[in-house]
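Here is a short walk through a protein–DNA model. Have the structure open while you read.

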2 protein chains.
Amino acid sequence: MDMELRHLRYFLAVAEAGHLTRAAARLNIQQPPLSQQIKALENHLGVALFRRHAKGMALTESGELFLEEARRILDSTAVMEQRMARVAQGVRGRLAIAFTTSAAAHLLTPRVLRLFRGRYPEIELSLSENSAAEITERIAARDLHCGFLRVPVGRPPGLVFRTLLKEPVLVAAPLDHRLAQKPRTGKNAAVALKDFQDENLILVRRAGAPGLYANLLALCAERGICPNVVAEVERMMTNLNLVAAGAGISVVPASMQQVHAKTVAYRPLGKSIHLNAPLNLVYRAADETAATGFFVDLVTSTTAGDDGARS
Amino acid sequence: MDMELRHLRYFLAVAEAGHLTRAAARLNIQQPPLSQQIKALENHLGVALFRRHAKGMALTESGELFLEEARRILDSTAVMEQRMARVAQGVRGRLAIAFTTSAAAHLLTPRVLRLFRGRYPEIELSLSENSAAEITERIAARDLHCGFLRVPVGRPPGLVFRTLLKEPVLVAAPLDHRLAQKPRTGKNAAVALKDFQDENLILVRRAGAPGLYANLLALCAERGICPNVVAEVERMMTNLNLVAAGAGISVVPASMQQVHAKTVAYRPLGKSIHLNAPLNLVYRAADETAATGFFVDLVTSTTAGDDGARS
DNA sequence: ATATGCCATATCTTATGGATATGGAGCTCC
DNA sequence: GGAGCTCCATATCCATAAGATATGGCATAT
């Protein structure tokens, strides 16, 4: 015979009632089968758990020892079932989320994470930073649940790319640069694409994350403009550090204009330059994880009505 | 449906095999019933534990969470069963032992306790000191397993009193006392009962433990000797303290002659005085506890061939 | 397209948990 | 001290559900 939880439940009932008949009533079964189950348990353990006397059943000393252990195990299974119930509801679990460096720079990202943590404290967030390509791949491979990234670098089937916002792209230039002299507002405020001709340009072109800068270079090529690429860096932050140091100019999503505000000037691009930095939420369309649904819903409702121009 | 350990065992097998058919083989059942049991478990929990695909079954994220918990519970039941197996063998458990003050004074008591602890480290010894009457009663009431005492003060049915040894009783007198002047050996070494006439006598007559001193007084009365009882104390130790202080004389089991050796003289009683201090081990004849048996055996074998003359 | 491996479903069998009926042992209460 | 009561054990029967067998469907690999 294998021991089952039933035996423990029955044992506990008898131990607590001190009485076979009464325990049977409490368990909604009859007395004889209960008697048998208890005996089977004693047999299995090789120990007498009860002493039978005329007015009930009393635990033996071995029974007392067993009682502690049985209680522990039953408690532990009860806790487990409750936990799994919360898992079923989706309010407990793990959620793996990744973002690209530049997606993390947008205030939206930390904001929704904080909101989510508050609303679903039992969902453990596993956060990581990665390239757009790797994020996309790992979501498809079920290795991640959600990702935040800018320009998609591939669209594997089954993945949803939900554009949360599109923010303008700004030109970043050292304060003493020619382009930095442009007025903040007014007719000539915007930077034209031809202004890039022969300029020292810094690119963020981390492997697998061409995104925004590929688009920029494509636009330039289209119009016959040939900027002078002086550096290709991995991170948006390095990019702005180089700009601040006077190494060249670059373009960045508007949400980064707080960075190096004292040493870098940010200027809008001309209307005709269709270059913008979207923020996309990526997830598997068929993701059955409730937590993923909650997260997507939260992000969606947080950004609802937000056209992305702000922040 | 109620969850049973079977479900956990089956789940674990499938999770570890990653394969329903292979897990079924390992469990010595067929694949379809296993399939059903797993499904029943998933149903019960309200969560999909596996993703089925063409080459096996892979844990879902909920399944991973459940795996940890299921392992924990199965481990814990395995540990429990092992522990109960040791309980069944008797090598694990609790043993409640009590002794009277004067029984504890005999070296045998600590010696067997030390031996027992060494041989059965998983049996927790619960030691206490008490009067002979209370020890007897509590053993009968299954409140204690064994007791060490001197002269039984009652013999409830079902209790075994095993006399481990009988040791002589010595007269204890202050060094400057008349009786202390008797030679240690030789013709006149022994103290006669008539020497007690009009002597200041100290008794240990703790409530419920008349034992030795009741016998002494009975002997005196029988022979028409009337000692002068100057004190009745509760403990053998107090007794000897008073003797050392010169308050009177007393009699004690021979095993106590190390106490106050510098200030108290110990002298043998005459052969004709049939007064001796036995050391008895008490236990219930019907005690089914293996540990009790082990203890009785150990004590018996330790005292085998020991006629009690030695201490 | 075919074949193969794997899981799900359907049906049947069987083992066992549970119900019913009865017996025996120990108290209690006259 | 005996009658009756309470409570647990035993014996037999029934019902449920675990398990076996047979088959079908789906996906991947060849």
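What follows covers the two DNA strands first and then a domain contact in chain A, all in a predicted model.

## DNA strand C

Start with strand C and its protein surroundings. There are 23 residues around DNA strand C, and the ones that come nearest are Gln30(A), Thr21(B), Ser35(B), Lys39(B) and Arg52(B). Sort those 23 residues by class and you get nine nonpolar, nine polar and five charged. On the DNA side, sugar or phosphate accounts for 74% of the strand C atoms within 4 Å of the protein, with bases making up the rest.

A few polar contacts are worth pulling up on screen. Lys55(A) puts a polar side-chain atom 3.3 Å from a phosphate oxygen of DNA strand C. Gln31(B) goes for a base instead: an N or O atom in its side chain is 3.0 Å from a base nitrogen of the strand. Ala54(B) uses its backbone, with an N or O atom 3.4 Å from a sugar or linking oxygen of DNA strand C. As for secondary structure, the elements giving two or more residues to this surface are helix 1 (5–17) and helix 3 (31–45) of chain A, along with helix 2 (20–27), helix 3 (31–45) and strand 2 (56–59) of chain B.

## DNA strand D

Now for strand D. Here 22 residues surround the strand, and Thr21(A), Ser35(A), Lys39(A), Arg52(A) and Gln30(B) come nearest. The surface near DNA strand D breaks down into nine nonpolar, eight polar and five charged residues. Of the strand D atoms within 4 Å of the protein, 75% are sugar or phosphate and the rest belong to bases.

Two side chains of chain A reach phosphate oxygens of DNA strand D: Thr21(A) has a polar side-chain atom 2.6 Å from one, and Ser35(A) has a side-chain N or O atom 2.7 Å from one. Ala54(A) brings a polar backbone atom to 3.4 Å from a sugar or linking oxygen of the strand. At least two residues each come from helix 2 (20–27), helix 3 and strand 2 (56–59) of chain A, and from helix 1 (5–17) and helix 3 of chain B. Helix 3 of chain A gives the most to this surface, with four residues.

## Domains 2 and 3 of chain A

Chain A is assigned domain 1 (5–89), domain 2 (93–164 + 278–303) and domain 3 (167–275). The C-alpha centres of domain 2 and domain 3 of chain A are 27 Å apart. Their contact takes 12 residues from domain 2 and 14 residues from domain 3. Between them, the two domains bury about 950 Å², 58% of it on carbon and sulfur atoms. Thr101(A), Arg150(A) and Val151(A) supply 36% of the area that domain 2 buries against domain 3, more than any other three residues.

What holds charge to charge here? The interface has one salt bridge, and Glu167(A) pairs with Arg150(A) in a salt bridge whose closest N and O atoms are 2.6 Å apart. Two residue pairs are in polar contact between domain 2 and domain 3 of chain A. On the domain 2 side, helix 5 (101–105) and helix 7 (132–140) of chain A each supply at least two residues, and helix 5 has the largest share, at three residues. By class, that side has five nonpolar, five polar and two charged residues.

Key:
Residues are numbered from 1 along each chain as its sequence is written. Chains are lettered from A and ligands numbered from 1 in the order in which they are written. This is a predicted model: local features need pLDDT of at least 70, side-chain atom pairs count only at pLDDT 80 or more; totals for chains, interfaces and linings use all residues. Side-chain values use heavy atoms; hydrogens and water are left out. A residue is near a molecule or strand if one of its heavy atoms lies within 4 Å of it. A polar contact is a pair of N or O atoms within 3.5 Å; within protein, one must be able to donate a hydrogen and the other to accept it, and residues adjacent in sequence count only if both atoms are side-chain atoms. Ala, Val, Leu, Ile, Met, Phe, Trp, Tyr, Cys and Pro count as nonpolar, Asp, Glu, Lys and Arg as charged, and the others, Gly among them, as polar. Domain bounds come from an automatic or database domain assignment. Contact means heavy atoms within 4.5 Å. Buried area is the accessible area (1.4 Å probe) that two parts lose on being put together, summed over both. A salt bridge is a side-chain nitrogen of Lys or Arg within 4 Å of a carboxyl oxygen of Asp or Glu.
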